[in-house]
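Hi,

Here is the structure I said I would pass on. Please open it alongside this email, and my notes follow below.

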Amino acid sequence: MKVKPDLSFWKLWNISFGFFGVQIAYALQNSNISRIFATLGADPHSLSYFWILPPLAGILVQPIIGSASDRTWTRFGRRIPYLFVGSIVAVIVMCLLPNAGSFGMMVSTAMVFGVLSLMFLDTSVNMAMQPFKMLVGDMVNEKQKGLAYSIQSFLCNAGSLVGYLFPFIFTWVGISNTADKGTVPDSVIYSFYIGAAVLIACAVYTSVKVKEMPPKEFEEFHGITADEKKEKADFFSLLKHAPKVFWTVGLVQLFCWAAFMYMWTYTTGAIADTVWHTTDVQSAGYQEAGNWVGILFAVQAIGSVLWAIVLPMFSARKLAYSLSLVLGGIGFLSISFFDDAYLLFISYFLIGCAWSAVLAMPFTILTNSVSGKNMGAYLGLFNGTICIPQILAAVIGGGLLHLVGGQQVHMLTLAGVLLLAGALCVYFIRETVAHTKP
């Protein structure tokens, strides 16, 4: 089997650059969805249920996209066509979703429209996002994968930073941050429009700059024989023969993604209550809190960017992974002790350290452990370790909120406990390198 050559920094950069645009879309979704549905009239105890559809769509679509792209070849490549189509659909939905309350529909109809738009947005964003992880697995050797995923994490968080700041910036330049009952402020609507434009520009850049390996060259670098090409592996067979690391990293993912689901769902309500002392979603204070959440998530992204630079310096990968989650857990636990908007910068900077590791570490470990032949399928299946925790967290979120007295800030404390549990589970991981094809 031929060894993949080292790639220049800028080739590694180009492979992941489109992630910048995709993550702007993802950041706008994560920081504004609870705000949008609360503005449309959703009850706080029901907010978590609106978050079920996105990961549910992801767990169904991602394995199919991964497996299909493993067996695809066009003159544009094998992964890039899926990236481009996903980006186009995401752009269309980003122009529709924030207008859910502006089409003259009844509240219930607007809510259904918003839910369906959210499902399509998350599906298309994931369809555009997953190929970037596959491109690193396909084109980068084991020695450079840590650096490649750190670059991807850097671009991901840079995109998040931009997406989180958009509503704040538009409000600052004079665009309205309040709106009539049942409609979304223009500051949020324009943020989605600009995010859509950046997303399609980044997708075009990646499509032009990145040249994937032709099938024959890919097979040589990944040691895929003629007999192996004929083998048909269904999802159940792949899971049955998945390396142990697939499951142990998945256990860590269970705690991490449940924690971040609660952050996305409850931060706006928690901060509005503890800092702005309001639970009225139509009030100026609540909408100011919504903008401030974008600032806090931007601080989280800055923490993630800086920590992504530090992570490759650790010689012990599991220590870096575990330490990152501990720092994030401390960040979540500290939120309930701060009622000053600026002190919360400390909390979300620490949370950013965990987010950086969650984006980079699992995929570095996994792609070193599975074969090139089924790389896309395994990454698609591995997306289940991202989606299932979010679905479980969303299903039980409303009940847990009742148990903690309806105080949304307590859900962020729970998120901290979950990250600390994930940090302990890191030490169950035993890393392997796939020299032969499972």
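A crossing of two helices is called left-handed if the near helix is turned anticlockwise from the far one by less than a right angle, and right-handed if it is turned clockwise. Keep that in mind for the two helix pairs below. One caution before them: this is a predicted model.

**Helix α12 and its partners**

Start with α6 (residues 142–172) and α12 (residues 284–310). Their axes lie 8 Å apart and make an angle of about 160°. Angles over 145 degrees count as roughly antiparallel, so α6 and α12 are roughly antiparallel to each other. The crossing of α6 over α12 is left-handed. On the α6 side, the residues in contact include Ser150, Phe154, Asn157, Leu161, Tyr164 and Phe168. On the α12 side, they include Asn291, Ile295, Phe297, Ala301 and Val305. Sorted by class, this contact has 14 nonpolar and eight polar residues, and no charged ones.

Now take α2 (residues 19–40) against α12. The angle here is about 165°, with the axes 9 Å apart. These two helices are therefore also roughly antiparallel to each other. Which hand does the crossing of α2 and α12 have, left or right? α2 passes α12 in a right-handed crossing. From α2, the contact uses Asn30, Ser31, Arg35, Ala38 and Thr39. From α12, it uses Tyr286, Gln287, Gly290, Asn291 and Phe297. By class, that gives three nonpolar, six polar and one charged residues.

**Thr268**

Thr268 sits in helix α11 (residues 244–274). Is Thr268 buried or exposed? Thr268 counts as buried, because its relative accessibility is 2% and the cut-off for buried is under 20%. Leaving out residues up to four places away in sequence, Thr268 touches Ser31, Tyr286, Ala289, Gly290 and Val293. Ser31, Tyr286 and Gly290 also appear in the α2 and α12 contact. Ala196 is 72 residues from Thr268 in sequence, and their C-alpha atoms are 23 Å apart.

**Thr72**

Thr72 is in the loop between α3 (53–70) and α4 (80–96). Its relative accessible area is 19%, so Thr72 is buried. The side chain of Thr72 has a polar atom 2.6 Å from the backbone oxygen of Ala68. What else does the side chain of Thr72 join in a polar contact? The side chain of Tyr82, at 2.8 Å. Setting aside neighbours within four places in sequence, Thr72 is in contact with Gly77, Arg78 and Tyr82.

**Asn383**

Another loop residue is Asn383, between α15 (375–382) and α16 (384–403). Asn383 is buried, with a relative accessible area of 3%. Which residues does Asn383 touch, not counting those up to four places away in sequence? They are Gly58, Ile59, Gln62, Asn126 and Gln130.

**Phe338**

Last is Phe338, in the loop between α13 (317–334) and α14 (344–367). Apart from neighbours within four places in sequence, Phe338 is in contact with Leu343, Leu344 and Ser347. Ile271 is 67 residues away along the chain, and the C-alpha atoms of Phe338 and Ile271 are separated by 9.8 Å.

Best wishes

Notes:
Residues numbered from 1 in each chain as written. Predicted model: local features only at pLDDT ≥ 70, side-chain atom pairs only at ≥ 80, totals over all residues. Heavy atoms only, no water. Helix = DSSP H or I, 4+ residues; strand = E, 2+ residues; numbered from the N terminus. Buried < 20%, exposed > 50% of the residue type's maximum accessible area, 1.4 Å probe, protein only. Contact = heavy atoms within 4.5 Å. Polar contact = N/O pair within 3.5 Å; in protein donor to acceptor, adjacent residues only side chain to side chain. Axes fitted to C-alpha atoms, helices over the stretch in contact; angles between N-to-C directions. Parallel < 35°, antiparallel > 145°, perpendicular 65-115°, else oblique. Nonpolar A, V, L, I, M, F, W, Y, C, P; charged D, E, K, R; others polar.
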